[in-house]
Amino acid sequence: MAAQKINEAHEHIAKAEKCLKTSLTKWKPDFDSAASEYGKAAVCFKNAKQYDQAKDAYLKEAEYHTENKAYPLCDLAIEQAGMMMKEQKKMPEAIQYIEKACMMYMENGTPDTAAMALDRAGKLIEPINLEKAVDLYQKAAGVFENEDRLRQAVELLGKASRLLVRLKRLDDAAVAMQKEKNMYKEIENFPMCFKKTTAQVLIHLHRGDYVAADKCVRESYSLPGYSGSEDCVAMETLLQGYDEQDEDQVYRVCNSPLLKYMDNDYAKLAISLRVPGGGGKKKKAAAAPPQGGASGAPAAAEEEDDDYEGGLC
């Protein structure tokens, strides 16, 4: 089967080369037919799992589509060449071809196709290069945003934000998250704004920036339905516990279902959050030193709120 497909591919290449020849009666090469034959050859090589030869055939197809000014078909052939590199696990080369195709999609007036190709490229490279995946997702989001397709843009921004958290690039994640939240606000998806506020608070607290975390919650009070919501109460409680170094309170909020069942990267931020200084449980009142041994009982009675009653220091 493979040998048959390879033979077919070579037959198509021979036909393509014949289309490119000129003579006394044929003054111009037939670029359209040559491109078509190289495309057929590429498919045959692909089916025979001869991916490197398939890549070369796709690039030839692209070359002759360019000569024929059939630019959309040229862009698609270059993207397919990238996919042949992907089949060989040569991801950096694959991404180079796909990015080149995306630039050409943009130049030739098909930005939506470019954005979708960038998204696909991001998914391909994500398992081996998170930094590059972030770049591709952000580029794709930018293309969709320029086309006023904000729902598609914000979904890609979300992918980039999660990867930035995974990379521990928390300063960049904070900026990306704010943009994501603003976009959800623009399309009036307020429940998602609530979730993004929660993620913002976790990011800022891991950065050690309580003021920025508190500001995110205060700014969100202007969102319809946020004040008094489950998300709002949880963040107010978390910020209070963090500010007062009450590790138990922080632990309860961070291990609540609301935070534990967030996207995995944010859930990890929640369960790993610690108060400054590594605290322990906050004492609600400082215990007064006992006076005269057992006669200190009245003082203990006055401090009945102290959960550590019994002598723990």
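Which residues touch the most other members of the largest nonpolar core? In this predicted model, they are Ile203, Leu238 and Leu259, within a core of 71 residues. Helix H8 gives the largest share of this core, with nine residues. A second core lies apart from it and has 19 residues, among them Ala16, Ala57, Tyr58 and Ala81. As general background, nonpolar side chains in soluble globular proteins tend to be buried together.

Let's take a closer look at some contacts. Leaving out residues up to four places away in sequence, Ile203 touches Val165, Leu170, Ala173, Ala174, Met177, Tyr266 and Leu269. Tyr266 and Leu269 also appear among the buried residues of helix H15, which spans residues 264-271. The other buried residues listed for H15 are Asp265, Ala267 and Ala270.

What covers the buried residues of H15? The cover includes these helices:

| Helix | Residues |
|---|---|
| H8 | 150-166 |
| H9 | 170-186 |
| H10 | 190-206 |
| H13 | 247-254 |
| H14 | 257-260 |

Now for a residue in another helix. Val134 is found in helix H7, residues 130-146. Is Val134 buried or exposed? Val134 counts as buried because its relative accessible area is 3%, and the cut-off for buried is under 20%. Its contacts, again without residues up to four places away in sequence, are Ala160, Leu163, Leu164 and Leu167. Val134 and Ser161 are 27 residues apart along the chain, and their C-alpha atoms are separated by 8.0 Å.

Terms used: Residues are numbered from 1 along each chain as its sequence is written. This is a predicted model: local features need pLDDT of at least 70, side-chain atom pairs count only at pLDDT 80 or more; totals for chains, interfaces and linings use all residues. Side-chain values use heavy atoms; hydrogens and water are left out. Buried means under 20% relative accessible area, exposed over 50%, partly exposed in between (1.4 Å probe, protein chains only). Helices (H or I, at least four residues) and strands (E, at least two) are DSSP runs, numbered from the N terminus. Contact means heavy atoms within 4.5 Å. A nonpolar core is a set of buried Ala, Val, Leu, Ile, Met, Phe, Trp, Tyr and Cys residues joined through side-chain atoms within 4.5 Å.
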